[in-house]
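Q: Please take a close look at the helix packing and the salt bridges of this model. A connected account with explicit cut-offs would be appreciated.

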Amino acid sequence: MKKKFPIITKKVILFIVLADLTLCFLMFASSYVAYNRHFRAQYDTTVRQICSAARECLNPDDFAKYKMNPVPDETYEKVRSTLQAIVDKFDLNVIYVSTVEAPDYTHIFYFYDPVNDKMNWEAYPLGFTENYVEPGFNLSTKKVFEGGATIVRHTIKTRSGSHITAQMPVFNSAGKIVAVIGAQKNIQEFVNARRSFIRFVVLTALFLTTAFAMIFATYFNELFIKPILFITYETDRFASYSGSPSKDLLEGTTRDELGTLARSVYKMEESVASNIELLMRMTTETALALASAIDAKDKYTHGHSTRVADYSLSIARASGKSAAECRDIYLAALLHDVGKIGIPSSIINKPGKLTDEEFQMIKTHPVIGRQILTNISQTPHIADGAYYHHERYDGKGYPEGLSGRNIPDIGRIIAVADAYDAMTSNRSYRDTLSQDMVRREIENGVGTQFDPEYARIMLNLIDKDIDYRMREN
């Protein structure tokens, strides 16, 4: 009892330190792999989507004309302006549209080449040609032209920094590949963040290991070893007098310790459950506050996100979703328009008809919303609500044009609720539609705009709403 740290305590401390170091290493390795995979996948998806969106504004049937006579016309300038806007909006290094000649794919003819004004090079004019040899570029371009593949390349630690490039084939109206479009985005921020992440995790692991060892040593010695030694000394003292130890004492001690442990575990679970409940409430309140901020940007849609969330929750419950699924759907619906943060207020609040360019910009809000919400890794389905709520069941929606059950459930549910609230809310150009008219519109959209199952649930909710309370007040 005179020793501050008995031998058994030292052995246990050594074991705990080694186990803690091993655990920290495993956690670091798994965290690093997950971190790296997550952000690379995020950048891959983002640059693919940007490249795909940019490709939609091209006029491939005019490329043959431009190649014969490389003189920009009005249509060309409009497309170039749109591509430049995409470069500026998403902070890309460059977007290029070019054709490369077989078999080596080194002779390049440029159609478009808008670049970021932060770059050290200038845009190539229409008809600029060069013989460019870079194995990675030429090989990926060959795959695009010959196989129609979409290629994503990562280039790390070059003189121009670290970046990611997506290359996609451009088809004319006859289905022939006439060019390749490439979008390049700088990922130096990700590389720097990864380096900081490694440094943070290593320092944190060392600190926690040292702190844990010191705290555990004191706690273990005071509350575990000393009581056991006390029992041992008492047993030895008793044995020296009676000649045999007391088994009842050991068994009683075991039961007492297990009972204490059970009560401690119960208290810990009670505390964790309470913290989880508090965290869930804070998450919901934060989402509500953010939804209010989103709606406040559009002067015509106050309370839109909250109502869509309520309607989506009712549809989810009626369709038999679990409590966890219903909660995810509710939060996703609250934040389904979060991408509008990235759209200028002048466009969102424009009272008249939008131009084609403005409408194309509006259509980017699902992509922006997904980029914002993807970082919420504990509830990944929330990002699906923002990204897929403008898809149509017949495949004529956006941003990906998915159809049927290829659209995630969460997107199909919110699509119905979102459309319903749009019709039952006041707008600058019209008042709330009548309930009969709203019902007809929902019914007409069954199987085309809306998922039949969720649309019929919405129709049932409308039929139960005799006093027409489900609308903007």
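A: The account below treats helix packing first and salt bridges afterwards. The model is predicted, so local features need pLDDT of at least 70 and side-chain atom pairs count only at pLDDT 80 or more, whereas totals for chains, interfaces and linings use all residues. Residues are numbered from 1 along each chain as its sequence is written, and side-chain values use heavy atoms, with hydrogens and water left out.

Two packed helices are described by the angle between their axes and by the distance between those axes. Helices here are DSSP runs (H or I, at least four residues), numbered from the N terminus. Axes are lines fitted to C-alpha atoms over the stretch in contact, and angles run from 0 to 180 degrees between N-to-C directions.

Helix α12 (residues 381–388) packs with helix α13 (residues 409–423) at an angle of about 50°, and their axes lie 8 Å apart. The pair α12 and α13 is therefore oblique; this class holds the angles left over once those under 35 degrees (roughly parallel), over 145 (roughly antiparallel) and 65 to 115 (roughly perpendicular) are set aside. The crossing of α12 and α13 is right-handed, a term for a near helix turned clockwise from the far one by less than a right angle.

Helix α12 also packs with helix α8 (residues 323–334): their axes come within 8 Å and cross at roughly 45°. The arrangement of α8 and α12 is therefore oblique, and α8 passes α12 in a right-handed crossing.

Side chains of opposite charge can pair when their charged atoms come close. A salt bridge is taken as a side-chain nitrogen of Lys or Arg within 4 Å of a carboxyl oxygen of Asp or Glu, and by this rule there are 14 salt bridges.

One of them joins Arg392 to Asp394, with the closest N and O atoms 2.9 Å apart. Arg392 is partly exposed because its relative accessibility is 25%, the class between buried (under 20% relative accessible area) and exposed (over 50%), computed with a 1.4 Å probe and protein chains only. Asp394, at 27%, is partly exposed. Salt bridges with shared partners also link Lys321, Asp409, Arg412 and Asp451 into one network.

Arg80 and Glu77 form a salt bridge at 3.3 Å, N to O. These two residues are about one helical turn apart because they lie three residues apart in helix α3 (residues 74–89). Arg80 is partly exposed at 33%, and Glu77 is partly exposed at 35%.

Lys340 and Asp337 form a salt bridge at 3.6 Å, N to O. Asp337 counts as buried because its relative accessibility is 4%.
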